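Welcome, and please have your viewer ready. We will move from stop to stop, with something to select at each one.

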Amino acid sequence: FQITITVCSQMGSLGISIAGGKGSSPCKDNDEGIVIARLPKDGPADLAGAQAGDRVAEVDGFVNVERV
């Protein structure tokens, strides 16, 4: 499962809070991946189908998210 979230210039935000990453406390086991910690209802990420706990796989002008 993979989705792409595109930033809307009117909203100016992806609508996610992230956790984890290299050098941070891991969210699961020893995983240094970046995951979505929370997202507001009806925000861009929520409307794209993202959920808390999804892994951020790529950021390059848009965000690819993987469900793990």
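Begin with Asp 42, which you will find in the loop between β3 and α1. Show its backbone, and check the phi angle: Asp 42 is not a glycine, yet its phi is positive, at about 70 degrees. Keep in mind as you look that this is a predicted model.

Is the residue at this stop buried, exposed or partly exposed? Asp 42 has a relative accessible area of 45%, so it counts as partly exposed.

Now add Lys 41 to the selection and display both side chains. Lys 41 and Asp 42 form a salt bridge, and their closest N and O atoms are 3.9 Å apart. The cut-off for such a pair is 4 Å, and the count for this model comes to 1 salt bridge. Side chains of opposite charge can pair when their charged atoms come close. As for the surroundings of the pair, Lys 41 is exposed because its relative accessible area of 70% lies over the 50% limit.

**Zoom out: the whole chain**

Colour the protein chain by secondary structure and you should see 1 helix and 5 strands. Followed along the sequence, these elements give the pattern β-β-β-α-β-β.

Next, switch the colouring to pLDDT. The mean for the protein chain is 75, and 66% of its residues reach 70 or more. Which element has the lowest mean pLDDT, and which the highest? Strand β5, residues 62-66, has the lowest at 65, whereas β3 has the highest at 87.

A surface view adds two more numbers. The protein chain exposes about 4,400 Å², with carbon and sulfur atoms supplying 48% of that area. Of the 68 residues in the protein chain, 24% are buried. If you list contacts with a separation of 6 or more, 37% of them are between residues 24 or more positions apart.

**The strands**

Select residues 17-20 together with residues 34-38. These are strands β2 and β3, and they pair in the antiparallel sense over 4 bridges. To see how they line up, pick Ala 19, which stands opposite Val 35 in β3.

Keep β3 on screen and bring in residues 55-59, which form strand β4. β3 and β4 also run antiparallel, joined by 2 bridges. Which residue of β4 is the bridge partner of Ile 34? Click on Val 56 to find it.

One step along, select Ala 57, another β4 residue. Draw a distance from its C-alpha atom to that of Ile 34: the two atoms are separated by 7.8 Å, while the residues are 23 apart along the chain. Ala 57 is partly exposed, because its relative accessible area of 41% falls between the 20% and 50% limits.

**The helix**

Move to residues 44-48, which make up helix α1, and highlight Leu 47 within it. Is Leu 47 buried or exposed? Its relative accessibility is 62%, so Leu 47 counts as exposed.

Then add Gly 15 to the view. Although Gly 15 and Leu 47 are 32 residues apart along the chain, a separation of 9.7 Å is all you will find when you draw the line between their C-alpha atoms.

**Last stop: a loop residue**

Finish at Asp 54, in the loop between α1 and β4. Its relative accessibility is 2%, so Asp 54 counts as buried, in contrast to Asp 42, which is partly exposed at 45%. Show the side chain of Asp 54 and follow it to the backbone nitrogen of Gln 51, which it reaches at 2.9 Å.

Notes. Residues are numbered from 1 along each chain as its sequence is written. This is a predicted model: local features need pLDDT of at least 70, side-chain atom pairs count only at pLDDT 80 or more; totals for chains, interfaces and linings use all residues. Side-chain values use heavy atoms; hydrogens and water are left out. Two strands pair if DSSP finds at least two bridges between them. Buried means under 20% relative accessible area, exposed over 50%, partly exposed in between (1.4 Å probe, protein chains only). pLDDT is the predictor's confidence in each residue, from 0 to 100. Contact means heavy atoms within 4.5 Å. Accessible areas come from the Shrake-Rupley method with a 1.4 Å probe; for residues, only the protein chains shown count as cover. A polar contact is a pair of N or O atoms within 3.5 Å; within protein, one must be able to donate a hydrogen and the other to accept it, and residues adjacent in sequence count only if both atoms are side-chain atoms.
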